Amino acid sequence: MNINAKKVPVQRGRLLLYAVCILLAVFYIVVMWWGITPKVGIEYKMYYITHELSDWPGYGKLDYIPGTEEIATSRNDRDGNAVEWQTCMRKGQGWEKEQYEGSTNKGGVSYIYYVPTQTADNCSYTVEIKDFDKSKTDASVCVYVNGRQVGNIDGTGAYTFEVGNISQDELFTVSFDSQNCSFTLWSACLWQR
């Protein structure tokens, strides 16, 4: 038997092994690139990647029609039955897990996110506070819209804040920075005056 005849299958096997290794390396690089720069919806990114959302709203569910009042409870009551009102499933971090009687903050900063479906001028943001527990006499909640303070909450009741203009398809962030207190949010509505 010829020695060169034995080398040909071995060389083909090595070439095939090298080709498989190169393909695997390219595949892993592509997967890492997709992991670094995913092309996913904002809801998916905020819930699964950055963990900014505490509730999974669903794809396209951060979209908001100005004037829609949302109640800050879960989609189901304590018995597991679906509630009859529009729920606020756009809450970010900073809220307690149980949300049957409204959403109670954990202390610190709590967030709500909106992606308006239309541009509007002269908008207001109204919240209804169901419970307000003051631990100290200087307890208050500073309300911020896109990082700009628009007012304070210091007890139960309805509060309206002037927020200015909103832009279509741009993330609109409301944050509640609680100082020495806890509060329960019942409803929220972003509307045009």
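How exposed is Leu-24, in terms of relative accessibility? At 40%, Leu-24 counts as partly exposed. That is where the views of this predicted model start.

**View 1. A nonpolar patch on the surface, with Leu-24 and Phe-27 among its members.** The full roster is Leu-16, Val-20, Ile-22, Leu-24, Val-26, Phe-27, Tyr-28, Val-30, Val-31, Trp-33 and Trp-34. Together these side chains come with about 1100 Å² of accessible area. Leu-24 sits in helix α1, and Phe-27 is found in that helix too, which covers residues 3-36. Phe-27 is partly exposed, with a relative accessibility of 47%. For a sense of scale when panning to the next views, Leu-24 and Asp-55 are 37 Å apart from C-alpha to C-alpha, with their positions 31 residues apart in sequence.

**View 2. Tyr-44 and Tyr-59, a stacked ring pair.** The structure holds 16 aromatic pairs. In this one the planes of Tyr-44 and Tyr-59 are at 5° and the ring centres are 6.4 Å apart, so the pair is stacked. Tyr-44 belongs to helix α2 (residues 42-49), while Tyr-59 is in the loop between α2 and β1, 15 residues away in the chain. Tyr-44 is partly exposed at 29% relative accessible area, whereas Tyr-59 reaches 56% and counts as exposed. Zoom out a little and the two rings turn up in one aromatic cluster with Tyr-47, Tyr-48 and Trp-56.

**View 3. Tyr-64 against Tyr-114, edge-to-face.** The planes of these two rings are at 70° and their centres are 4.8 Å apart, so the pair is edge-to-face. The partners come from distant parts of the chain: Tyr-64 from strand β1 and Tyr-114 from strand β4 (residues 108-116), 50 residues apart. Both Tyr-64 and Tyr-114 are buried.

**View 4. Asp-55 and its polar contact with Lys-91.** Asp-55 is located in the loop between α2 and β1. Its relative accessible area is 10%, so Asp-55 is buried. The side chains of Asp-55 and Lys-91 make a polar contact at 3.1 Å. Setting aside neighbours within four places in sequence, Asp-55 is in contact with Tyr-47, Cys-88, Met-89, Lys-91 and Gln-99. While you're in this loop, have a look at the backbone of His-51, which also lies between α2 and β1. The phi of His-51 is near 60°, a positive value in a residue other than glycine.

**View 5. Ser-187 and Glu-69, joined through their side chains.** The polar contact between the two is 3.3 Å. Ser-187 is part of strand β10 (residues 181-192). With a relative accessible area of 4%, Ser-187 is buried. Not counting residues up to four places away in sequence, Ser-187 touches Glu-69, Glu-70, Ile-71, Ala-72, Thr-126, Val-127 and Glu-128.

**View 6. A buried salt bridge partner on each side: Arg-90 and Glu-70.** This is one of five salt bridges in the structure. The N to O distance between the side chains of Arg-90 and Glu-70 is 2.8 Å. Arg-90 is in the loop between β2 (70-71) and β3 (103-104) and Glu-70 is in strand β2, so the bridge ties together parts 20 residues apart in sequence. Arg-90 has a relative accessible area of 3%, and Glu-70 has 2%.

**View 7. Arg-78, Glu-98, Glu-101 and Lys-130 in a network of salt bridges.** Arg-78 pairs with Glu-98, with the closest N and O atoms 3.1 Å apart. Arg-78 and Glu-98 are both in the loop between β2 and β3, 20 residues apart. Glu-98 is partly exposed at 48% relative accessibility. Lys-130 and Glu-101 meet at 3.9 Å, N to O. Here the link runs from strand β5, home of Lys-130, to Glu-101 in the loop between β2 and β3, 29 residues apart. Lys-130 is partly exposed with a relative accessible area of 41%, and Glu-101 is partly exposed at 44%.

**View 8. The backbone at Asn-122, with a positive phi.** Asn-122 has a phi near 50°, and the residue is not a glycine. Strand β5 (residues 120-134) is where Asn-122 is found. Its relative accessible area of 44% makes Asn-122 partly exposed.

Terms used. Residues are numbered from 1 along each chain as its sequence is written. This is a predicted model: local features need pLDDT of at least 70, side-chain atom pairs count only at pLDDT 80 or more; totals for chains, interfaces and linings use all residues. Side-chain values use heavy atoms; hydrogens and water are left out. Patches are made of residues with over 30% relative accessible area and no salt bridge: like charges are joined within 9 Å, nonpolar side chains (Val, Leu, Ile, Met, Phe, Trp, Tyr) within 5 Å. Accessible areas come from the Shrake-Rupley method with a 1.4 Å probe; for residues, only the protein chains shown count as cover. A salt bridge is a side-chain nitrogen of Lys or Arg within 4 Å of a carboxyl oxygen of Asp or Glu. Helices (H or I, at least four residues) and strands (E, at least two) are DSSP runs, numbered from the N terminus. Buried means under 20% relative accessible area, exposed over 50%, partly exposed in between (1.4 Å probe, protein chains only). Rings of Phe, Tyr and Trp (its six-membered ring) pair if their centres lie within 6.5 Å; planes under 30 degrees apart count as stacked, over 60 as edge-to-face and the rest as tilted. A polar contact is a pair of N or O atoms within 3.5 Å; within protein, one must be able to donate a hydrogen and the other to accept it, and residues adjacent in sequence count only if both atoms are side-chain atoms. Contact means heavy atoms within 4.5 Å.
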